[in-house]
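Work through these exercises with the model open beside you. Try each task before you read its solution.

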Amino acid sequence: MSNLCRLYCAVAFLCGFGASCAAFAAEAWIAEKVEKPELPREIVAQSLAPAPSRIPAMLTATAESGGISRAWYAEPTSRYRHGILGDNIEGGALAAELANGRRISYRLNELHVFEDLYPRIADLDGDGKSEIVTILSSLISGSAVAVFAPSGETFEPVSRTPFVGRPFRWLNIAAIAPFGGGRIPEIAIVTTPHIGGKLAFLRLENRRLRIVAAADNFSNHAIGSTELRLSTIADVDGDGRVDLALPSADRKRLRIVTLDRRNIREIAFADLPAAIDKAIAVEGPAGNPVFTVGLENGAVYRIHRPQR
């Protein structure tokens, strides 16, 4: 077990969490260069509309159930001059439109911002009502995952992970899905994706975000980019559960992992000649997906299981 894993486990124990790392033999997959790619620069087209707040690069999340129809960041502020997403303008408030058409909002104090481009809407506890998952940054202590729920004319803070611990240290959400195979989704995040990124799966239990499992040597963002989708989900091994594909810390390897109870197990990997810097696409049936990645050098590769 690495020192990083020991640190995660120690923090988990002290906080009442459970977290562990495990090493398994992973299968080497094939990376084939697409010689004449007829694909958009970003590989995966962005489907989210611009936020009503008109903050540059901010987008609107949507949902068809759960009581929240749309959510976005509002009240632009430059009080946190990190610029990890390409500029120093962040969200000073969270806004949403509920299923009944009513709009509500939540304003942060002067020591915090939403260092993100769009909130995520998800039912994290299985009660049929959606929560909103955000990236909350402290001007003093860096970033954290924060969950909010509608409450009257505003939002109620439900739970928050500890902040990273120092300013200008960020995290990015990789996916929200039932990685454990149950009806309750987990939140996959990469903390400090530019400096030895740490992947963790979080679960909301009794209004507390708990670490289910954690491991190191991951990334899902390039500094200064507005592309947050350097990850995707698919049922890679055909067991009926979704798995997560995302880059290694240097972004020159695609790593495919699964949440195996309280461990992160690597299923497969593929090495690449340059760093991934675009949204990752996936197609194909469960048990035999094909991933498409775009690299910093302009090349496009398709990644798939070796033929047997």
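The exercises below cover confidence, charge pairs, a buried residue, a sheet and a pocket.

This is a predicted model: local features need pLDDT of at least 70, side-chain atom pairs count only at pLDDT 80 or more, and totals for chains, interfaces and linings use all residues. Residues are numbered from 1 along each chain as its sequence is written, and side-chain values use heavy atoms, with hydrogens and water left out.

**Exercise 1. Confidence**

Task: Find the mean pLDDT of the chain, and the residues over which pLDDT stays under 50.

Solution:
- Start with the term: pLDDT is the predictor's confidence in each residue, from 0 to 100.
- The chain has a mean of 92. Of its residues, 92% reach 70 or more.
- Residues 1-21 stay under 50. The model has 44 contacts for them beyond four places in sequence, where a contact means heavy atoms within 4.5 Å.

**Exercise 2. Charge pairs**

Task: Trace the salt bridges of arginine 70, glutamate 110 and aspartate 116 to their partners.

Solution:
- Side chains of opposite charge can pair when their charged atoms come close. The criterion here is a side-chain nitrogen of Lys or Arg within 4 Å of a carboxyl oxygen of Asp or Glu.
- The whole structure has 19 salt bridges.
- Arginine 70 pairs with glutamate 97, and their closest N and O atoms are 3.3 Å apart. This pair links distant parts of the chain: strand E4 (residues 68-77) holds arginine 70, strand E5 (residues 90-98) holds glutamate 97, and the two residues are 27 residues apart. Strands (E, at least two residues) are DSSP runs, numbered from the N terminus.
- Arginine 70 is partly exposed, at 23% relative accessible area. The cut-offs are under 20% for buried, over 50% for exposed and partly exposed in between (1.4 Å probe, protein chains only).
- Glutamate 110 pairs with arginine 79, with the closest N and O atoms 3.6 Å apart. Glutamate 110 is exposed at 57%, whereas arginine 79 is partly exposed at 22%.
- Aspartate 116 pairs with arginine 120, with the closest N and O atoms 2.7 Å apart. Aspartate 116 is buried at 0%. Arginine 120 is buried too, at 11%.

**Exercise 3. A residue in a strand**

Task: Is phenylalanine 114 buried or exposed?

Solution:
- Locate phenylalanine 114 in strand E7.
- Read its relative accessible area, which is 0%, so phenylalanine 114 is buried.
- List its contacts beyond four places in sequence; among them are Tyr73, Leu94, Ile135 and Phe148.

**Exercise 4. A sheet**

Task: Which strands stand at the edges of the open sheet of 5 strands?

Solution:
- Write down the order, E1-E19-E18-E17-E16, with mixed pairing. Two strands pair if DSSP finds at least two bridges between them.
- E1 (27-28) and E16 (232-234) are the edge strands. Each has a single partner strand, so one side of each lacks a neighbour in the sheet.
- Now look inside the order. E17 (residues 243-247) and E18 (residues 253-260) run antiparallel, joined by 4 bridges. Leucine 244 has valine 257 in E18 as its bridge partner.

**Exercise 5. The largest pocket**

Task: Which element gives the largest share of the lining of the largest pocket?

Solution:
- A pocket is an open set of points on a 1 Å grid over the protein atoms alone, where a 1.4 Å probe fits, with protein on both sides within 12 Å along at least five of seven lines. Lining residues have an atom within 4 Å of a point.
- The largest pocket holds about 590 Å³, and 22 residues line it.
- Tyr118, Arg120, Ala174, Ala175 and Arg229 lie nearest its centre.
- E12 gives the largest share of the lining, 4 residues.

Conventions:
Points joined across faces, edges and corners; volume = space filled by probe spheres on them.
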